[in-house]
Amino acid sequence: MFGQLVIGPPGSGKSTYCRAMAYHLRENVRRNVIIINLDPANDTPPYAADVDVQNLVDVQEVMERLSLGPNGGILFCMEYIDENFDQLKELILQDNTYLIFDCPGQVELYTHHDSFRHIVEKLTKWGIQLCVVSLVDSHYCTDPAKFISVLLTSLSSMLHLELPHINVLSKIDLIDKMGQLAFKLNYYTDVLDLSYLVDELDERVCSKRFIKLNSAISGLVEDYHLVSFYPLNVQDTECVHRLCRAIDKANGYVYGELEERSVIGLTESQSKVDLEYDYDRTLQYNE
């Protein structure tokens, strides 16, 4: 059994991605997909959840009873879900299904908190081969400081969760409305020489006092050489299919006969289009 853990900060488009990916897999790849809502605060997802943790714990009730704020309520709920996750086992482990987990937006769950990692360990013990799909809003590319922060957060999540990991720049179709990029888009997706980004950052008056810190952080990310990004426009079938193939490759998914025919047909229908995403087709940026 295979699946995706969809993580990322609030507003990065996780639930929209889950709906789009599930639709693509069901309609174009002919894969039997179920969506599991693991976010106890996501009470109006844009999809019909097949399994919903809100049937196990209610974050609003937790906040009222324990006088907790939103973040504290989510953390308490995730610890409760961790302790009682076996109650969802029969609902999750259905025959011949592919799983998409829509996860909460609290970044600390993926960088240093233990409850989510314990849930991942349980899923792995149940025989589910998982790939983390980490979404980040592409508007962070327009601010060097924010992008460096995203790189460090992505690296921390990769090391903490210890799973195959696909990082995604979401809402790429809207990036031209978010401001001018300092470099071409592939500089950010491939995470090329970060010294150029540090130089761009150090030109800002507010950042001069942090020159050594910026250099140290970028050097740390480059030393691991793990972080790169796939661009994503959920309305572009080609883009979604390319990401789907990368995820399947990351967690070793094996196609069934019907799926294989569907994938071959989808690929042949796009034979005149390079499935390696054409940046110039979407955006035109000059250095």
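This note goes through the sheet, two helices packed on it, the salt bridges and some backbone angles of a predicted model.

1. The sheet. Seven strands form an open sheet with parallel pairing, in the order 3-2-4-1-5-6-7. Strand 3 (51-52) and strand 7 (229-231) stand at the edges; each has a single partner strand, so one side of each is left without a neighbour in the sheet.

2. Strands 1 and 4. Within this sheet, strand 1 (residues 2-7) pairs with strand 4 (residues 98-102) in the parallel sense, over five bridges. For orientation when viewing the pair, Gly3 stands opposite Leu99 of strand 4.

3. Helices on the sheet. Helix 6 (residues 115-125) lies across strand 1, strand 4 and strand 5 (129-137), and runs at about 170° to strand 1. Helix 11 (residues 237-251) also packs on the sheet, where it touches strand 1, strand 4, strand 5, strand 6 (165-170) and strand 7. The direction of helix 11 makes about 140° with that of strand 5.

4. Helix 11, length and ends. Helix 11 has 15 residues and spans 21 Å from its first C-alpha to its last, close to the 21 Å expected at 1.5 Å a residue. At its start, a side-chain oxygen of Asp236 comes to within 3.0 Å of the backbone nitrogen of Glu238. Just after the helix, Gly252 has a positive phi of about 75°.

5. Helix 11, burial. Eleven of the 15 residues in helix 11 are buried, so the helix is largely enclosed by the rest of the structure. The buried residues include Cys239, Val240, Leu243, Cys244, Ala246 and Ile247. Residues with polar or charged side chains are also among them, including Glu238, His241, Arg242, Asp248 and Asn251.

6. Salt bridge in helix 2. The structure holds six salt bridges, and three are described here. Side chains of opposite charge can pair when their charged atoms come close. Glu61 and Arg65 meet in one salt bridge, at 3.0 Å from N to O. These two residues are four apart in helix 2 (residues 59-66), which means that about one helical turn separates them. Glu61 is partly exposed at 38% relative accessibility, while Arg65 is exposed at 68%.

7. Salt bridge between Asp114 and Arg117. The closest N and O atoms of this salt bridge are 3.4 Å apart. Arg117 is partly exposed, with a relative accessible area of 25%, and Asp114 is partly exposed at 35%.

8. Salt bridge between Asp137 and Lys171. Here the closest N and O atoms are 3.2 Å apart. The pair links distant parts of the chain, 34 residues apart: Asp137 belongs to strand 5, and Lys171 to the loop between strand 6 and helix 8 (185-189). Asp137 has 9% relative accessibility and counts as buried because the cut-off for burial is under 20%. Lys171 is partly exposed at 28%.

9. Positive phi outside glycine. Arg30 is not a glycine, yet has a positive phi of about 65°. Arg30 sits in the loop between helix 1 (14-27) and strand 2 (33-37), and is partly exposed with a relative accessible area of 47%. Asn96 also has a positive phi, near 55°. Asn96 lies in the loop between helix 4 (89-92) and strand 4, and is exposed at 71% relative accessibility.

Terms used
Residues numbered from 1 in each chain as written. Predicted model: local features only at pLDDT ≥ 70, side-chain atom pairs only at ≥ 80, totals over all residues. Heavy atoms only, no water. Pairing = 2+ DSSP bridges. Contact = heavy atoms within 4.5 Å. Axes fitted to C-alpha atoms, helices over the stretch in contact; angles between N-to-C directions. Expected span 1.5 Å × (residues − 1). Buried < 20%, exposed > 50% of the residue type's maximum accessible area, 1.4 Å probe, protein only. Polar contact = N/O pair within 3.5 Å; in protein donor to acceptor, adjacent residues only side chain to side chain. Salt bridge = Lys/Arg side-chain N within 4 Å of Asp/Glu carboxyl O.
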